[in-house]
Amino acid sequence: MPNLEAPDPQVDSRELAAVAVREQSVGAVISRAKASRPERTQDHAALIARLRLAAGSIRLSIYHLAEEEAAHGRAMLFAPVYIGAGAIVWFSVGADPPPQAVFTALLIFAVAFFRQQQAGRVLRHILFAGMLVCSGMALAQCETWRASTVMLDSAVTTTITGRIERREADDKGRWRYVVALEATEKPTIRRPPAQITIFVRKQLQPFELGDRIQGRARLTPPAGPALPGLNDFAFSAYFDGTGANGFAYGTQTLLSPTSDVVQGSVLDKADIWLAGLRSHIGDRIRTLLPGDTGAFAASLVTDERRAISDDTTEALRTSGLAHIIAISGLNMALSAGIFYVGLRYALSLFFGVAQAWPTKKIAAFGALVTVTAYYLISGFGVSAERAFIMMAIILIAVLFDRPSISLRNVALSAIVILILSPSQALGPSFQMSYAATLALVSGYSLWARRPHRESVLSRFRVMRPLLFVSRFFGSILSTSFIGGASTAIFSIEHFHRLATYGLIANLAAMPVVSFVVMPFGMAATLLMPFGVDAPFWQITGWGLDVVIVIAKTVAAWGGNIPFGRLPVWLFPTVIAGFLLMTLLRTWLRHAGALLIIGSVAVVALSPGVLKPDLMISEDGTLVALLRNGALTTNREKPPDFIFEQWQRALAITEQQPPTMLPPDSQLPKISKSDKHRRLNSEEQSTVRKAMDAALDAAGPGGFACQKGAWCVAMLDNGDMLVTIEDAAYLAPACDTANIVITSVRLRLDRCRSGATLFTGATLRRTGSIEMSLSTDKPIMTAAFENLSRPWSLHRSYDWRTDTFGAPLKPASPVSDSGE
């Protein structure tokens, strides 16, 4: 038997030879490495030295560019950015920051900034930024204290008594009233809001401002986000002072005539008088110009937009012309510019006046008076207030012989607005308005600094009209392009869409607005007290008809690109790049362009934001599943207000309605008077069998519904979903499904069977819900993580105990047997 452990001499010799060859090769490599190490070390050191020299040169260049920016006073331009950032941080955090900490930090940064006069520019700018960020947080805290709006906690039908402070007609013939609430009864609301808005239908003769009315009304709290991360309407309602919205039942009773009502301070009386004047102007315009034309004209003067039909509003929005409706910088600039140029030209006709008086300042003062009057009759809207402050600063700069169109004036107006109302920093109107203004003023600065070259064609007198027309349309083209490009990211972030043909629409419509609508509209408004305004309104209406035709024509082309939700980091990153591009004047501004291009490239090359598989509205009435690029809903006609926001946020237009089951005579009949009764064991068994059988009719990923009772659907992960409209079906739903949803305000948070339960009470606290079922464990995201902020605190109020944050019952009393 051979010895297995004995070595084979031939094998050993071959292995030894191979080892020797490997050792010689390795030795040769090591020897060569040792021989070349000094050269490589020297090359490496030289490379490092060159890199350090290049880095030092770059740092030195950046330092010199920063010094140049500081020498031009660019640090002041960032003041509203820091204030706005502080306000946004304060409003965005989950709980109110301690006021003591905010004001202490502000004091520390302010003292350090004013004491460190000899410190370096970098340190002083850091202290400057910290002081302004803390100032923004302090201003946000003060505005929240100042508002202190009481929000209605839950929907209620009650009898209201109040005084009408505002009124506005809509396109459906309804009147929207802003009512100062005085009392409620049947039932009496424990925490009544101070101001509400109600719609009154089929009212031939509207109430006058100051009238006291009484009647039944259905009131609901301001809506929260339709999906987590979308716009919270309760936030803006809190700072507007509106605590509830609703509609009236029947005709309200007039308690007192208008003449006996106007009481209070001088400011209150002036407010009522201005509101009445504004309402009279709007009624006069709509009488002379019926339909959308009159509603459009009234919106340009009084900012009453609800009377414009939905079709026209959507056409203006799709075509990129919606900015004309709002009283914003465009309207104020055209009004001030027309009056300024017209008055200055009129004064120049008189040689003695032009030589003896400062006609430029007189015209600027007249334009300031004009825009002030325009602002007073415009309803004090947010966009009108911002535009008025900006135009007032520009015109005052003319009075003091300062440059009127400058970034410094834009920054100053933004500071004033943020001091008065820092909550506007979160609004799309504020952001888009200042983005467009910054881009246009910055572009104008670059254009003004360019080397001026006179065109050869200007030497020929025949060509001068052609050059004037080309420059006019060129200016419209450039301003429309700059304005559209600068507001694109805001339109995508807030409205999830982008109008691609806005440039064409603005190019066609703006000459009509500039030369027909605004001049004749201004003349008609000035001549209205004399009763000779009708011909001018007719010409204005003709111009607005042309604008509406342009809007509908361009909207019919399509081109409205939908965008879903973007990554959270993209919006602030692009904004930072945009601010660098517009606020800096040296080569450092190109870093902003690189930041924007890099961010967009990363988003384009990376997978999109994960879309949810299940969406639940905040009241539990609407539920949708995302299946094969369509939203499958539990309602045949989902409410437009919520569903359209879902479609835009998810970039999905197709809807798949539920499969409606035929009536089943074996199912228990539950009347409205019997809605609180419980089903017995036999009835529950019948309902469970019907729910199980309905899954076959639902199909893959769809809903099958018994009208007015319940809907069932099978999820991708194998779970069964049931939505119920009556609490009587809760027991069989909990026994059958894994997820149960109802709009009924049950004081429960789960089923004993272990099924997940969403009720009207739990959804009131969490807000809308979205769930992702593609992972092993479902991921649920709620609109509200906590309810400690003032504009969401009402969601945790319990009117039974008159306390906030009363806990729900930990488990459902519903067992498998229904007992």
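**View 1. Strand β9 meets strand β19 in this predicted model.** Welcome to the first close-up: β9 (residues 614-616) and β19 run antiparallel and are joined by three bridges. Look for I616, which sits opposite I769 of β19. On its other side, β19 pairs with strand β20 (residues 779-782), again in the antiparallel sense, through four bridges. Here M771 has M780 of β20 as its bridge partner.

**View 2. Strand β19 is covered on both faces.** In a regular strand, side chains alternate between the two faces of the sheet. Strand β19 spans residues 769-772, with I769 and M771 on one side and E770 and S772 on the other. Are these four residues buried or exposed? They are all buried, each with under 20% relative accessible area.

**View 3. Six strands form the open sheet that holds β9, β19 and β20.** Step back a little and follow the order β12-β11-β10-β9-β19-β20, in which the pairing is mixed. The edges are β12 (655-656) and β20, each of which pairs on one side only. Helix α21 (residues 640-650) packs on this sheet and touches β9, β10, β11 and β12. The direction of α21 makes about 150° with that of β11. Within the sheet, β10 (residues 623-627) and β11 (residues 630-633) are antiparallel partners over four bridges, and L626 stands opposite L631 of β11.

**View 4. Another open sheet of six strands runs from β13 to β18.** Its order is easy to follow, β13-β14-β15-β16-β17-β18, and its pairing is mixed. Which strands lie at the edges? They are β13 (659-660) and β18 (756-758), each paired on one side only. Helix α22 (residues 681-698) packs on the sheet, where α22 touches β13, β14 (704-706), β15 and β16. The directions of α22 and β15 make an angle of about 55°. Strands β15 (residues 710-714) and β16 (residues 720-724) pair antiparallel over five bridges, with C711 opposite T723 in β16.

**View 5. Helix α6 packs against two other helices.** Finally, meet α6 (residues 233-240), whose buried residues are A234, F235, A237, Y238 and F239. These buried residues pack against α3 (79-92) and α5 (121-147). Residues three or four places apart in an α-helix point the same way, because the helix has 3.6 residues a turn. At the start of α6, a side-chain oxygen of D232 comes to within 3.1 Å of the backbone nitrogen of A234. After α6 comes G241, with a positive phi near 85°.

Key:
Residues are numbered from 1 along each chain as its sequence is written. This is a predicted model: local features need pLDDT of at least 70, side-chain atom pairs count only at pLDDT 80 or more; totals for chains, interfaces and linings use all residues. Side-chain values use heavy atoms; hydrogens and water are left out. Buried means under 20% relative accessible area, exposed over 50%, partly exposed in between (1.4 Å probe, protein chains only). Two strands pair if DSSP finds at least two bridges between them. Contact means heavy atoms within 4.5 Å. Axes are lines fitted to C-alpha atoms, for helices over the stretch in contact, and angles run from 0 to 180 degrees between N-to-C directions. A polar contact is a pair of N or O atoms within 3.5 Å; within protein, one must be able to donate a hydrogen and the other to accept it, and residues adjacent in sequence count only if both atoms are side-chain atoms.
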